[in-house]
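Q: Pick one part of this fold and take me through it slowly, please. I'd like to hear how it is put together and what sits around it, in one go.

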Amino acid sequence: MPRPYEAVYIFDSALEEAAINEKLSRFHALVPQSSGEQPRLNHWGKRTLAYPIKKKETGYYVVANFQAEPAQLPEFERAIKLDDGVLRHLVVVDEFDYTPSRAPTDRKFEEDDE
């Protein structure tokens with residue numbers, strides 16, 4: 001049964017966006033989607049790193065959400081580790097529902113009622 005995953009990639013900022021998209025499509029081809037939908041990609045763009053990684057001061061961040069079988073992940077992560085353009089990556093199980101359980105309220109309004 002496929003599980004939801006979230007992957008965060010930090011690419012070398014010297015790479016062009018087209019090269020980054022090509023790498024992402026190659027990585028995600030290793031975990032085919034059973035439903036046929038593409039992984040959701042959120043390009044955060046170039047950001048300054050908190051500390052140098054491989055003597056780089058900036059990186060290009062991408063967050064991806066996708067569904068995959070757990071047995072497919074070792075080959076997926078192996079391909080990421082072997083790619084020189086990826087400075088860091090993290091893949092986690094995305095089991096939480098981020099939708100609010102109730103509508104947001106105005107705290108000031110609630111305090112006035114008391």
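A: Let's start with the running order: along the sequence, the protein goes β-α-β-β-α-β-α, which comes to three helices and four strands. Keep in mind that this is a predicted model. The part I'd pick is the sheet, so to speak the stage for the rest of this tour.

The sheet is open and has four strands, in the order β2-β3-β1-β4, with antiparallel pairing. At its edges sit β2 and β4 (86-93), each of which pairs on one side only. Ignoring direction, neighbouring strands here are turned by 20° against each other on average. Zoom in on one pair: β1 (residues 3-12) and β4 run antiparallel and are joined by seven bridges. If you want a place to put your cursor, try Ile10, whose bridge partner in β4 is Arg88.

Now for the helices on the sheet. Helix α1 (residues 17-28) lies across β1, β2, β3 and β4, and runs at about 145° to β1. Helix α2 (residues 73-82) lies across β1, β3 and β4, running at about 160° to β4.

Leu30 is a handy spot for seeing how parts of the chain meet. You'll find Leu30 in the loop between α1 and β2. Setting aside neighbours within four places in sequence, Leu30 is in contact with Gln72, Glu75, Phe76 and Ala79; Glu75, Phe76 and Ala79 fall within the residue range of α2. Leu30 and Ala68 are 38 residues apart in sequence, but 9.5 Å apart in space, C-alpha to C-alpha. Even so, Leu30 counts as partly exposed, because its relative accessibility is 34% and that class runs between 20% and 50%.

Back to the strands, and to the turn from β2 (40-53) to β3 (56-68). Lys54 sits in the loop between them, and so does Lys55. Most residues other than glycine have a negative phi. Lys54, though, has a positive phi of about 55°, and Lys55 has a positive one as well, near 65°. Both side chains belong to residues that count as exposed: Lys54 does so because its relative accessibility of 52% is over the 50% cut-off, and Lys55 has a relative accessible area of 81%.

One more stop is the largest pocket, with about 180 Å³ of space. It is lined by 13 residues, and the closest to its centre are Leu24, Ser25, His28, Gln38 and Pro39. Helix α1 gives the most to this lining, with four residues. By class, the lining has six nonpolar, six polar and one charged residues.

Finally, step back to the whole chain. Of its 114 residues, 32% count as buried. Take the contacts between residues at least 6 apart in sequence: 69% of them join residues at least 24 apart.

Terms used. Residues are numbered from 1 along each chain as its sequence is written. This is a predicted model: local features need pLDDT of at least 70, side-chain atom pairs count only at pLDDT 80 or more; totals for chains, interfaces and linings use all residues. Side-chain values use heavy atoms; hydrogens and water are left out. Helices (H or I, at least four residues) and strands (E, at least two) are DSSP runs, numbered from the N terminus. Buried means under 20% relative accessible area, exposed over 50%, partly exposed in between (1.4 Å probe, protein chains only). Two strands pair if DSSP finds at least two bridges between them. Axes are lines fitted to C-alpha atoms, for helices over the stretch in contact, and angles run from 0 to 180 degrees between N-to-C directions. Contact means heavy atoms within 4.5 Å. On a 1 Å grid over the protein atoms alone, a cavity is a set of points where a 1.4 Å probe fits but cannot get out, and a pocket is an open set with protein on both sides within 12 Å along at least five of seven lines; lining residues have an atom within 4 Å of a point. Grid points are joined across faces, edges and corners, and a volume is the space filled by probe spheres set on the points. Ala, Val, Leu, Ile, Met, Phe, Trp, Tyr, Cys and Pro count as nonpolar, Asp, Glu, Lys and Arg as charged, and the others, Gly among them, as polar.
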